[in-house]
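I opened the model to look up a few side chains and the overall build. The entries below follow the order in which I checked them.

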Amino acid sequence: MHRTVAVAATVVVIFVAACSTPPPTGSPGPASPAASGSASGAPVGSPSSERSWMDATKSVDDRVTALLGQMTIDEKIGQMTQIEKNAIDATNAAAFNLGSILSGGGGFPSPNTPQAWYDMVDAYQQAALGTRLGIPIIYGVDAVHGHNNVEGATIFPQNIGMGAAHDPALVEQACSATALEMNATGVRWTFGPVVAVPQDVRWGRTFEGYGENTDLVSRLGAACIKGFQGSSLGAANTSAATAKHFIGDGGTAFGTSEASGPTGPYLLDQGADEMDEATLLDLFLPPYQAAVDSGARIVMASYSSTAAGKVHGDRHLITDILKGQLAFSGFVVSDWGGIDQVVPGDYSASLRQAINAGIDMVMVPTDYVRFITTMKSLVQAGTIKQDRIDDAVGRILRVKFEMGLFENPMPAADKESEVGSDAARAIARTAVAESAVLLKTGPNVLPIAPSGKTVLLAGEGADDIGIQSGGWTITWQGSSGQITPGTTLHGALSAKLGDGLTYDRNGTFPADTKADIGIVVVAERPYAEGVGDSATLALPNVDVALVAKMRQHVTTLVVVVMSGRPMLLDDLTSADAVVAAWLPGTEGAGLADVLLGDKPFVGMTPYTWPKTADDAPRVGKAACDAAVYPVGYGLDATGKLLGPAAC
């Protein structure tokens with residue numbers, strides 16, 4: 001979970017002073033010439049004998065060893081610390097030698113523009129380069145369906161849609177385009193892709209997963225990592241990817257969560273995986289093996305639990321399995337405040353267990369003084385050994401060297417035109433078209449003729465970028481409304497149908513209105529994480545009511561479902577065609593493309609469509625057990641099966 005923090009950096013500084021907490025020893029001195037960075041992305045400078053780690057001709061291992069040998073314990077702990085940008089300013093981040101800054105969901109600068117993002121990141125980076133050793137920060141964001149915190153960025157379909165498209169080359173293109181937009185804002189680390197294998201669509205993070213099939217998730221997750229990281233992590237316009245959340249993401253049992261959010265208790269999110277280890281590893285480990293094989297250098301731990309407790313504190317899973325069995329040599333980062341849950345109510349014990357389990361960098365995310373002072377006391381007491389600290393910091397430094405941050409701390413400047421470019425939006429439009437799944441149709445229902453027909457359109461989601469994009473869009477939870485530039489389904493259809501289209505969001509047409517075709521958009525409203533946990537899988541009543549309301553006005557009725565998972569469709573039986581559009585993002589023209597026949601329907605559902613909400617859990621079930629549609633189901637516009645038949 002990466003939520004925005006409404007804490008001003010200046011308030012944090014006052015808090016530190018009020019508590020009379022001294023900064024760690026090894027405070028930064030004046031920047032040496034070799035440590036000065038450039039906002040243009042130019043190399044930092046040439047190495048000296050005192051700064052042998054700056055010699056790019058040396059091996060990464062040699063550079064890590066040289067730098068690690070010069071670091072104080074405070075500088076090492078600083079590298080293990082990640083803080084949300086609203087909780088600390090650049091000056092204090094440098095004073096505490098922080099290794100990483102992040103923007104949580106909604107953690108954008110004001111104004112929320114590409115240039116303001118670049119300037120914000122650069123301020124943190126220049127401050128870091130001015131410290132005693134000049135170690136660059138790595139700035140992280142949740143760029144999980146495009147660079148989705150930035151207004152004007154290309155918002156791609158959520159991963160559930162990319163899973164429906166089942167096209168690794170397309171996923172790679174989308175993630176590469178996202179990396180390009182990230183670089184234009186100065187950011188080179190994304191907390192994605194999610195390589196969960198959700199087994200219960202009632203989970204509020206279902207849309208973040210590519211599907212319930214382990215092999216599909218493995219293939220698409222690997223493709224995304226290749227897209228973000230390119231041929232070399234140090235190359236221009238690449239970003240470090242994060243395979244998350246290790247492990248058991250999407251396997252938690254309904255009712256096991258002890259967490260809560262802004263709307264109340266969670267049902268599945270951050271809960272427990274009630275299965276034996278063999279099943280856990282069989283379902284959820286292969287995507288991480290594929291990620292490591294594809295060059296993933298960062299893995300994020302999961303909030304979920306097993307019989308052994310919270311994964312954040314599980315040495316067997318993190319060190320023995322991930323770092324040992326999978327030979328993962330990058331670093332493991334915690335989730336937002338995830339370490340705090342290991343031993344509830346005992347921060348010191350939680351931190352000791354998590355670091356010894358193998359967590360290398362801690363997404364604190366706000367109280368850096370508590371984290372740093374507790375870490376230092378644990379090291380001084382010998383309960384966290386120096387070699388564990390050196391291993392963690394060595395892993396972090398290794399990734400920074402591999403990314404070329406010591407040579408080029410910032411990407412090239414003046415690239416803001418790359419954000420929301422026509423090229424990226426064209427990729428997203430293709431992805432929207434390929435992700436749409438035709439669940440039901442009849443003779444001569446689709447495609448809709450672009451002329452000679454009268455068409456009525458209803459539903460709030462038909463003309464709302466926020467609903468169309470879902471959670472993790474501009475803010476953590478997302479929101480309805482024109483939250484970022486894009487094309488809605490209404491806008492796209494209007495461009496093609498002109499006066500032949502009439503739209504009313506409430507479906508309030510004159511009683512005597514008759515039209516050839518009606519399109520109703522029924523949609524989940526935006527949510528993220530456990531806020532979206534659902535006991536019912538019910539579509540909003542206000543939208544469902546539009547189906548009957550529209551039916552009386554039209555000869556042919558098409559229902560478009562915008563949702564982050566399969567929803568119960570019992571109330572849509574009067575429709576002649578039903579399209580699962582998932583959460584398509586900003587490029588609604590792709591959905592119009594398939595409705596109007598400019599592109600074919602090729603999407604297939606990446607999740608089993610349950611008959612009832614109670615039928616949602618899939619572990620141990622056959623393809624059609626308690627299901628309406630199996631994984632891989634979909635139709636073309638003629639009604640021909642693209643995969644297995646309906647159940």
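**Asp464.** I began with the side chain of Asp464, which reaches the backbone nitrogen of Ile467 at 2.9 Å. A polar atom of the same side chain of Asp464 lies 3.0 Å from the backbone nitrogen of Gly466. I took a polar contact as a pair of N or O atoms within 3.5 Å; within protein, one must be able to donate a hydrogen and the other to accept it, and residues adjacent in sequence count only if both atoms are side-chain atoms.

This is a predicted model, where local features need pLDDT of at least 70 and side-chain atom pairs count only at pLDDT 80 or more, while totals for chains, interfaces and linings use all residues. Residues are numbered from 1 along each chain as its sequence is written, and side-chain values use heavy atoms, with hydrogens and water left out.

I placed Asp464 in the loop between strand E14 (455–458) and helix H16 (465–469). Helices (H or I, at least four residues) and strands (E, at least two) are DSSP runs, numbered from the N terminus. Which side chain of opposite charge is nearest to Asp464? It is Arg505, 5.5 Å away, and Asp464 is buried yet has no salt bridge. Here Lys and Arg count as positive and Asp and Glu as negative; His and the chain ends are not counted. Buried means under 20% relative accessible area, exposed over 50%, partly exposed in between (1.4 Å probe, protein chains only). A salt bridge needs a side-chain nitrogen of Lys or Arg within 4 Å of a carboxyl oxygen of Asp or Glu. Not counting residues up to four places away in sequence, I found Asp464 touching Ser480, Gly481 and Thr488; contact means heavy atoms within 4.5 Å.

**Salt bridges.** I counted 25 salt bridges in the structure. One of them joins Asp61 to Arg398, with the closest N and O atoms 3.4 Å apart. Asp61 lies in helix H2 (residues 60–68) and Arg398 in helix H14 (residues 386–402), so the pair ties together parts that are 337 residues apart in sequence. Asp61 is partly exposed, at 46% relative accessibility.

Next I looked at Glu524 and Arg565, whose side chains meet in a salt bridge (3.0 Å, N to O). Glu524 sits in the loop between strand E16 (515–523) and helix H18 (541–551), and Arg565 in the loop between strand E17 (554–562) and strand E18 (577–580), so this pair ties together parts 41 residues apart in sequence. Glu524 is buried at 8% relative accessibility, and Arg565 is buried at 2%. I also noted one network, in which salt bridges that share partners join Lys323, Asp360, Arg388, Asp391 and Arg395.

**Ala296.** Is Ala296 buried or exposed? I found it buried, at 2% relative accessibility. Ala296 is in the loop between helix H10 (286–293) and strand E8 (298–301). Leaving aside neighbours within four places in sequence, its contacts are Ile225, Gln229, Ala291 and Phe328. In H10 I listed Pro287, Tyr288, Ala290, Ala291 and Val292 as buried. Their cover includes helix H8 (214–229), strand E5 (243–246), helix H9 (277–284) and E8.

**Whole chain.** I closed with the chain, where 63% of the 647 residues count as buried. Its C-alpha atoms fill a box of roughly 80 × 50 × 45 Å, taken along the principal axes.
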